[in-house]
Amino acid sequence: MKVNIAKHDCTILWDGVYYFALSDYPHISPWELKKLLTFVTFEKQHGRQTEIICEDKNIADAVNYALAHPETVENALLPDKITECTYCNHKGCLTRFVCHTATPDNAMKILASGILLSAVRAFKKTCAELVNDIRNAAGDPADYFDYIMFAWGNCTAGDNLTMERVLGRGATDDERENKLLPGIRFYFRYDDITRHPGYVFDGYHPVKIKDELVLADWLYACIVPEQHENDLKNIIAPEITDKVIYLPQDSLGLLDWTERVYKFVENWGGKYC
C-alpha cells in the first residue's frame, strides 16, 4: 500500500494508494501524524507493507521522526473540524458525529432487523468474493469487508456512493445537484461509538465496526428522506422507531441536502438516552 502525502483536494484510498491530504498543507499536524502511524500499524497487522511518498522535506522529516518516536503523537487530539476536504457547505469535516449511509433497499433490511452488518454478513459472501466484486471499484483490501464503514456526519460521500449503487454507475455533477437520490443515514455520536467492542480506527475511516452493530444500543438518529416514509414506517424494529426521523428533501441537491440533514441532527436530542 502506498501513502502519497501531497496537496490533494481530499483524502481518499483508491486502488492501493492512500492519497493523504492535509488540513494546512504543507504543515502536518500531530493528529495527522497519529492517523498516519495508525494506518501504517493497521496495514502491518494485515500483512501489507506501507510505502510513504512525500516530496516536501519538512513533512518527510516530521513523518520520519513520528515513525521513530510514536509516543510523541499517541495522545494527539481529534480536532472538532478537519479541513483536508472542503467539498461541502461546512468546508470541512465536523467530528461530533459519524454516519453510515444505505440505499433505500438495504435500509429496509437494516431497519427491520435493527442491526447493521458488515458486507460479509449482509451479503453472505466471503471477503475473497467481495474483493473481486464489480462494486469494489476502489480496490479495497479483502479484510475491509469484515467491517461496517462510517464517514464523518456531514460528509457527502455516503449519498454519492448510494446514488451510484441505485444508478448502477457514477452520478454526474448535474445529477448530484439537480436529481439527487439520497440514501438513508444512520447517525452515531463519535464519542459513543468509539466505545463499541468492535470499534477499530484504521487511520483512514473515522470509525469501523467489526461484524455487526445493534442499533438500539448505539443509534443516535436515522434520517430518512420523506419520500421513503410510506415504504419504511411499518417495518421498523420497535426499539428504534423513536430515533427514525423523516425529512423533506424539497429537491435539494447533494450539498444543501447534506447541510439540512446535519443541521437537524446537530440540533436534535430529545429522544436519545
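**Arginine 176, an open sheet and the overall fold**

Colleague: Why is arginine 176 called buried?

Modeller: Arginine 176 has a relative accessible area of 14%, and buried means under 20% (exposed is over 50%, partly exposed in between; 1.4 Å probe, protein chains only); therefore arginine 176 counts as buried. The model is a predicted one, in which local features need pLDDT of at least 70 and side-chain atom pairs pLDDT 80 or more, while totals for chains, interfaces and linings use all residues. Residues are numbered from 1 along each chain as its sequence is written, and side-chain values use heavy atoms, without hydrogens and water.

Colleague: Which helix holds arginine 176?

Modeller: Arginine 176 belongs to helix α7, residues 173–178. Helices (H or I, at least four residues) and strands (E, at least two) are DSSP runs numbered from the N terminus.

Colleague: What does the side chain of arginine 176 reach, and at what distance?

Modeller: The partner is the backbone oxygen of alanine 171, at 2.8 Å. A polar contact is a pair of N or O atoms within 3.5 Å; within protein, one must be able to donate a hydrogen and the other to accept it, and residues adjacent in sequence count only if both atoms are side-chain atoms.

Colleague: Which residues does arginine 176 touch?

Modeller: Leaving out residues up to four places away in sequence, they are Tyr87, Asn160, Met163, Ala171, Gly253 and Leu254. Contact means heavy atoms within 4.5 Å.

Colleague: What makes β2 and β4 edge strands?

Modeller: In the open, mixed sheet the 4 strands follow the order β2-β3-β1-β4. Both β2 (12–14) and β4 (51–54) pair on one side only, where pairing requires that DSSP finds at least two bridges between two strands.

Colleague: How many bridges join β1 to β4?

Modeller: There are 4 bridges between β1 (residues 2–5) and β4, and these strands run parallel; because at least two bridges are required, β1 and β4 count as paired. Asparagine 4 stands opposite isoleucine 53 in β4.

Colleague: Which strands does helix α2 lie across?

Modeller: Helix α2 (residues 57–68) lies across β1 and β4, at about 150° to β4. Axes are lines fitted to C-alpha atoms, for helices over the stretch in contact, with angles from 0 to 180 degrees between N-to-C directions.

Colleague: Why does the radius of gyration agree with a compact globule?

Modeller: For 273 residues, a compact globule would have a value near 19 Å, and the protein has 19 Å, so the two agree. The radius is taken over C-alpha atoms, and the globule rule is 2.2 Å times the number of residues to the power 0.38.
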